[in-house]
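Colleague: Mind walking me through this one? I'd like to hear the reasoning as well as the answers.

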Amino acid sequence: MTSIDTLLTSVAQTMSGPRNRAEPLYEQLADALAEGIRNGTLVSGERLPPHRELARRLNINITTVTKAMAMLQEAGLVESRPGRGTLVKPLLRQPHAQFQSAPSDAPGRVDLSINRPATNVYSQVLGQLLPELSRDPRFLETQDYHPSEGPLWAREAASAWLSQYGVTAPAQRLLITEGAQHGLACILRAMTTRGDTLLADAVTYQGINALCRTLGLNLVGVDGDAEGMLPEALERACALHAPKALFLVPSIHNPTAITLGLKRRRALAEVIERQGLLLIEDDVYRPLLDDSLPSFAQLLPARTIHVTALSKCIAPGLRMGFVLAPEQWVADISATLRIDCWSISPLSALVATRLIEGGQAGAMVVAQREELRARQALLREQFGDLQVQASATAPHVWLHLPEPWRASSFAQTCQEHGVGLLPGVAFTLRQEHPPHAVRINLAAARSREQLTRALQTIARLARQGHLHMHDSV
């Protein structure tokens, strides 16, 4: 008996039993075959039986098999070749689903795959500020060592900055990091142990997934709806996985652009409190909101570590992140930061401090909001009937693709037409069930004119899917 015969016998026995699972049959079949590929039962290059034969052997209809194969192909586990059938692919990461850190400015290409501010105001303001820095009384301190949590004057500026956006943050509970990603890395290393389980939205920020993999942590997805993570799904996940912590992006979620409403925040807070979870709140987009909602750091101050940065609202080149932690955890996170880099660059801290104290940082946020508002209007003008999740001042949107598109093939086709974006598979924690959606970073375009051309290309391809699909199963 071959490996595929052994696997199909097991699958047939499972699927012939009482069918009371919530997942549709095609998802159950996709899950079973995916597990066979990942555990080595099915090896790279192995040919799967034709759809009709699979349907007969499993006593299901051919449509169910076709949907299951489409899911596996979208997850990058199989490929369909004319005349050769469906083959198991090598277990390699998909190139356009990788965690990227810098945009491409290649001629003739518009890269909308990276989140970055929509204006160049920071460069202009920095040019004016630099000649003045040497006259600042704190300038001499930039040549020296500093406490690992950052200079006190920088933490006091961070406290004022967070307070401006509705987050009470005493300086003694703040740490300055080299951006939010560095802050998350320090938190995870200080608060978790290899083998611990973290929960997050089933579709979530790439960076937390990459961190958990490198630290040997299990990251499990929690279901949500159009309003964000579902409290009842969080409750179930806690019962099943006994997690150490929960990771949330409550404001302009990356990638779906959902902002948790007050009712949903309070419902989730109740579950977190009842389950005794540590909450890691990534709130980097909060300053871009028109109206700030209560942060989890305010709803659950004893359980929340709040992370934010200046990258999304000022400039990613200013590597400045802020971690607000309950007092009993500050020393542990500070020790991890010290092991990493001793302390952040005091020169960057002085630049950020001067921008905050002088009011330029707040003015830049206002400018970013207004530019994003204009770019969201361009999106609505071009996309019309297409299904998009967005908000008035979000730097990115989540486009749900019309049939017959699947996200990876759509991203590849856009790439071939000169537009870069990221498919849902780059963000999902369930590779067998990737969302048929893509993230489009409106702020990444260098100008509104460049953005308009890119959006026209994306909209045209989305509406003409049947003319461009070339990888259908």
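Colleague: Let's start with charges. Which side chain does aspartate 111 meet in a salt bridge?

Modeller: Bear in mind that this is a predicted model. Aspartate 111 is buried, with a relative accessible area of 5%. Its side chain takes part in a salt bridge at 3.6 Å, N to O, and the partner is arginine 109.

Colleague: And arginine 354, which residue does its side chain meet in a salt bridge?

Modeller: The N to O distance for that pair is 3.2 Å, and the partner is aspartate 136. The two come from distant parts of the chain, 218 residues apart: arginine 354 sits in helix H13, and aspartate 136 in the loop between helix H5 and helix H6. At 7% relative accessibility, the loop residue counts as buried, since the cut-off is under 20%. So the buried partner of arginine 354 is aspartate 136.

Colleague: Which residues are joined with that pair into one network?

Modeller: Here salt bridges share partners. Besides Asp136 and Arg354, the network takes in Glu132, Arg138 and Glu357.

Colleague: What about aspartate 225 and arginine 264: how many residues apart in sequence are the parts they tie together?

Modeller: Their side chains meet in a salt bridge at 3.1 Å, N to O. Aspartate 225 lies in strand E7 and arginine 264 in helix H10, so the pair ties together parts of the chain that are separated in sequence. Aspartate 225 is partly exposed at 33%, whereas arginine 264 is buried at 11%. The separation is 39 residues.

Colleague: On to helix H9. Over what arc around the axis do its buried residues spread?

Modeller: The buried ones are Pro231, Ala233, Leu234, Ala237 and Cys238. They are on the same side of H9, because the arc they cover is only 155 degrees.

Colleague: Which residues are exposed on the other side of H9?

Modeller: The buried side is covered by elements including strands E5, E6, E8 and E9 and helix H10. On the other side, the exposed residues are Ala239 and Leu240.

Colleague: Two of those strands, E5 and E6, pair up. In E6, which residue is the bridge partner of aspartate 201?

Modeller: E5 and E6 run in the parallel sense and pair over five bridges. With helix H8 they make a right-handed β-α-β unit. E6 is mostly covered, with four of its five residues buried. The bridge partner of aspartate 201 is valine 222.

Colleague: Last one: is glutamine 382 buried or exposed?

Modeller: Glutamine 382 is in helix H14. Its contacts beyond four places in sequence are Thr452, Leu455, Gln456, Ala459 and Arg463. Its relative accessibility is 17%, and the cut-off is under 20%, so glutamine 382 counts as buried.

Methods:
Residues are numbered from 1 along each chain as its sequence is written. This is a predicted model: local features need pLDDT of at least 70, side-chain atom pairs count only at pLDDT 80 or more; totals for chains, interfaces and linings use all residues. Side-chain values use heavy atoms; hydrogens and water are left out. Buried means under 20% relative accessible area, exposed over 50%, partly exposed in between (1.4 Å probe, protein chains only). The arc is that of the directions from the helix axis to the C-beta atoms. Contact means heavy atoms within 4.5 Å. Two strands pair if DSSP finds at least two bridges between them. A crossover is right-handed if, with the strands pointing away from the viewer, the path from the first strand over the helix to the second runs clockwise. A salt bridge is a side-chain nitrogen of Lys or Arg within 4 Å of a carboxyl oxygen of Asp or Glu.
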